[in-house]
Amino acid sequence: MTFSAIPGQESIKATLRSSFHRGTIAHAQIFHSNEGGPALPMALAFAQFILCENKKEEDACGECPSCQKMAKSIHPDVHFFYPKSSAKTDPATQAVLLKQWRAFLQEHPFGNLESWQRFAEITDKAVQIHKEEAKNIIKTVSLKSFEGGYKILCVWYPE
């Protein structure tokens, strides 16, 4: 997702671009909005902008290999942590859920928790980021980036 795909929010986009160009990107950022708002798309657009190999002054190019990976949510240096059902913890189910998550990002970037549950057919109302995922976050943070640049963790609905 590029900044141009997000309507409005020009001052936030300018602030994010400015932090990159000045080399002052904070090590952690919180993107918050109402449900279905632009927080997740803005985080994805900023990640794509950071990782883009041929970025323009205002936005990611959308065509380089990095942007193509971001468009499919498969960039090896972008890691997603999102609410899951406690019943779906085995590795095979986790792989299927990751494919569903990637499809969800493509089809519903402005989606909310309820739309994610419907999309992934999660009937368990108590979806959350479990302690095993918290351990994975710590493990992921300790690894080097795969492509030698930035490593980005996106934690969606951490509450």
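Here are a few short exercises on cysteines and salt bridges, each with a worked solution.

Before you start, know that this is a predicted model, where local features need pLDDT of at least 70, side-chain atom pairs count only at pLDDT 80 or more, and totals for chains, interfaces and linings use all residues. Residues are numbered from 1 along each chain as its sequence is written, and side-chain values use heavy atoms, with hydrogens and water left out.

**Exercise 1.** Work out how many disulfides the structure holds, and why Cys52 is not bonded to Cys61.

*Solution.* Start with the rule: a disulfide is a pair of cysteine sulfur atoms within 2.5 Å. Next, check Cys52: its closest cysteine sulfur sits in Cys61, 3.5 Å away, which is too far for a bond. Then try Cys64: the nearest cysteine sulfur belongs to Cys67 at 3.6 Å, and Cys64 is in no disulfide. The final count for the structure is zero disulfides.

**Exercise 2.** Decide whether Cys52 and Cys64 are buried or exposed.

*Solution.* First, the cut-offs: buried means under 20% relative accessible area, exposed means over 50%, and partly exposed is in between (1.4 Å probe, protein chains only). Cys52 comes out at 4%, so it is buried. Cys64 has 3%, so it is buried too.

**Exercise 3.** Find the salt bridge partner of Lys13, and say where the two residues lie.

*Solution.* A salt bridge needs a side-chain nitrogen of Lys or Arg within 4 Å of a carboxyl oxygen of Asp or Glu. For Lys13 the partner is Glu10, with the closest N and O atoms 3.2 Å apart. Now place them: both belong to helix H1 (residues 10-22), three residues apart, or about one turn of the helix. (Helices are DSSP runs of H or I with at least four residues, strands are runs of E with at least two, and both are numbered from the N terminus.) Last, look at accessibility: Lys13 is buried at 3%, while Glu10 is partly exposed at 48%.

**Exercise 4.** Which parts of the chain does the pair Lys84 and Glu133 tie together?

*Solution.* Begin with the contact: the two side chains form a salt bridge at 3.4 Å, N to O. Lys84 sits in the loop between strand S1 (78-81) and helix H4 (91-107), and Glu133 in helix H6 (residues 131-142), so the pair links parts that are 49 residues apart in sequence. Both Lys84 and Glu133 are buried.

**Exercise 5.** How many residues apart are Glu114 and Arg118 in helix H5?

*Solution.* Their side chains meet in a salt bridge of 2.9 Å, N to O. Within helix H5 (residues 113-119) Glu114 and Arg118 are four residues apart, about one helical turn. Arg118 is exposed, at 55%.
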